[in-house]
Amino acid sequence: MGTAKPTHDDEGAQHEESALETARRQLERAASIVDVDDGTIERLNHPERVQRVSIPLKRDDGTIEVFTGYRAQHDSVRGPFKGGLRFHPGVTEEECIGLSMWMTWKCAVMDLPFGGGKGGIVVDPKELSTDEKERLTRRFAEELRDVIGPKHDIPAPDMGTGPQEMAWFMDAYSMQEGETTPGVVTGKPPVIGGSYGREESPGRSVGIIAEQAIDYYDWDVNETTVAVQGFGSVGAYAARYLDDLGATVVAVSDVDGAIFDPTGLDTQDVEDHDARPGMVSGYDAPHSITNEELLELDVDVLIPAAVGNVLTADNADDVQASMVVEGANGPTTSAADEIFQERDVPVVPDILANAGGVTVSYFEWLQDINRRQWSLERVHEELRTEMLKAWDAVREQVDERDLAWRDATYAVALSRVADAHDSRGLWP
Ligand code: NAD
């Protein structure tokens, strides 16, 4: 790293940055690229609404505990709010606002008729029984009932929640409304209006976008090597998609470590972390390496798909990959981003690459409204079409304005949101 370090923002400071600070900084940067009215930027710096609720829960032993929940609704100029509900002890109001802003850009870059939302409960779900989780989820649905709905705000699973929580949430809402309302949440089990292909969609979109990027740089996919950090829901599907295309996936990892085979791993044979924890790092591969070493492998494409802030000012100079495609949300700190730009290492951002999740959520919402389920083949086909449309819009900005991929992506998203604000104007 040597002399590079002082010129880049300190990594320690990066870790301290809250999701809201990151979101505001990104908005400021996007505003410097796109010609947008200051008043619109000021509006976008604030959420439209944040609902804070107290959720009383009767524990299995009969005692009462009160949990705090939030729903942040950032911007609805293009349509209802959309975004996850997480059950996690680290949930804060600020985090929900920041993440809801990211959702606004993610929906806009995909040209979905949604704005950003995010919410959650400050709770460790591992400390609750299944019955307690059900009671908590149902009561949360009731507390939020006034501010959500298929035309207002459509939550989805996030950290600590999944199809079961969405099913309880939808049932509670439907009971109170007096009619079955599947479109109030997405990520439900298919038997009650969930979409086929929802689970694999973020990883699949990472694969589709990586495929386009490989093609953009005129690389032969059959000679492209790939390393994936985090062989979970996103990483495993991305790795398998690229493996199926002919790329050589040389390394994958889970929280315990990474496996490396320079001749290529059989990604179908490696079980993902969710299926059986420990099976990735425990897989019989020629080399076991650390997660840090995986990030610095000499590969063509690096896909960080585990957690945020793994590519930092401390390791960005040692990353040997020719391109980074972000699978996780926020895996690259802004300091690392700057280093990659100086080193001409393209970084294709999260809000484009992993947007397959919210896109198939949109498909689920359409299916619910129309009361007609799509086949898996149709979901895959339409997802590909939407991803290519978004890719083309971003690529055009890269080519025409010589922007980095992240800047081009934010430029597309912010222009769409700002144009919508401009057209609708401000209610006096
Ligand atoms: P997951 O829990 O299914 O998988 C995460 C994987 O990363 C696991 O293999 C786990 O062992 C590994 N991991 C966890 N902590 C790690 C660490 N510190 N170092 C290295 N590996 C670690 O999670 P997921 O749903 O695949 O989500 C991964 C990322 O993608 C997150 O940033 C998430 O916010 C983002 N994302 C998920 C979705 C979705 O719908 N699942 C959509 C968009 C973005």
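In what sense do strand 1 and strand 2 pair, and over how many bridges? They pair in the antiparallel sense, and ten bridges hold the pairing. Keep in mind throughout that this is a predicted model.

**View 1. The hairpin of strand 1 and strand 2.** Here you're looking at two antiparallel strands with ten bridges between them. To find your place along the pair, look for Gln51, which stands opposite Arg71 in strand 2. Another marker is Ser54, whose bridge partner in strand 2 is Thr68. Five residues sit between the strands of this hairpin, and Gly62 takes a positive phi near 95 degrees.

**View 2. The open sheet of five strands.** Read across the sheet and the strand order is 1-2-4-3-5, with mixed pairing. Strand 1 and strand 5 (153–157) are the edge strands; each has a single partner strand, so one side of each has no neighbour in the sheet. From one strand to the next, the twist averages 25 degrees. Strand 2 pairs with strand 4 in the antiparallel sense, this time over five bridges. One of the pairs to look for is Gly69 with its bridge partner in strand 4, Ile121.

**View 3. Strand 5 at the edge of the sheet.** Strand 5 runs parallel to strand 3, and five bridges join them. A handy landmark is Leu85, which stands opposite Pro157 in strand 5. Is this edge strand mostly covered or mostly uncovered? Mostly covered: five of its five residues are buried. So strand 5 lacks a neighbour strand on one side, yet its residues are still buried.

**View 4. Ala72 and its surroundings.** Ala72 belongs to strand 2. Its relative accessible area is 0%, which is why Ala72 counts as buried. Which residues does Ala72 contact, once its neighbours within four places in sequence are left aside? The list is Arg49, Val50, Cys96, Ile97, Ser100, Gly116, Gly117 and Lys118. Arg52 is a useful reference for distance: Ala72 and Arg52 are 20 residues apart in sequence, with 8.6 Å between their C-alpha atoms.

**View 5. Helix 5 on the sheet, with its cysteine.** Helix 5 (residues 93–109) lies across strand 1, strand 2, strand 3 and strand 4. Against strand 4, helix 5 runs at about 150 degrees. If you're wondering about disulfides, the count comes to zero. Cys96 is in none, since the nearest cysteine sulfur belongs to Cys107 and is 16 Å away, while a disulfide needs the sulfurs within 2.5 Å. Cys107 is likewise in no disulfide, with the sulfur of Cys96 as its nearest at 16 Å. Both cysteines are tucked away: Cys96 is buried with a relative accessible area of 1%, and Cys107 counts as buried at 0% relative accessibility. Cys96 also turns up among the contacts of Ala72.

**View 6. Helix 6 and what it packs on.** Helix 6 (residues 130–144) has 15 residues. From its first C-alpha to its last, helix 6 reaches 21 Å, close to the 21 Å expected at 1.5 Å a residue. Which residues of helix 6 are buried? They are Glu132, Lys133, Leu136, Thr137, Phe140, Ala141 and Leu144. These buried residues pack against strand 1 (49–58), strand 2 (64–73), strand 3 (81–88), strand 4 (115–122) and helix 7 (163–177). On the sheet itself, helix 6 touches strand 1, strand 2, strand 3 and strand 4, and its direction makes about 145 degrees with that of strand 1.

**View 7. Two domains, and Asn291.** Stepping back, the chain is divided into domain 1 (47–182) and domain 2 (201–345). How far apart are the centres of domain 1 and domain 2, taken over C-alpha atoms? They are separated by 31 Å. The residue to zoom in on here is Asn291, in helix 10 (residues 291–295). Is Asn291 buried or exposed? Asn291 counts as buried, because its relative accessibility is 13% and the cut-off is under 20%. Leaving aside its neighbours within four places in sequence, Asn291 is in contact with Gln229, Ser253, Asp254, Val255 and Gly257.

Definitions and conventions:
Residues numbered from 1 in each chain as written. Predicted model: local features only at pLDDT ≥ 70, side-chain atom pairs only at ≥ 80, totals over all residues. Heavy atoms only, no water. Helix = DSSP H or I, 4+ residues; strand = E, 2+ residues; numbered from the N terminus. Expected span 1.5 Å × (residues − 1). Buried < 20%, exposed > 50% of the residue type's maximum accessible area, 1.4 Å probe, protein only. Contact = heavy atoms within 4.5 Å. Pairing = 2+ DSSP bridges. Domains from an automatic or database assignment. Axes fitted to C-alpha atoms, helices over the stretch in contact; angles between N-to-C directions.
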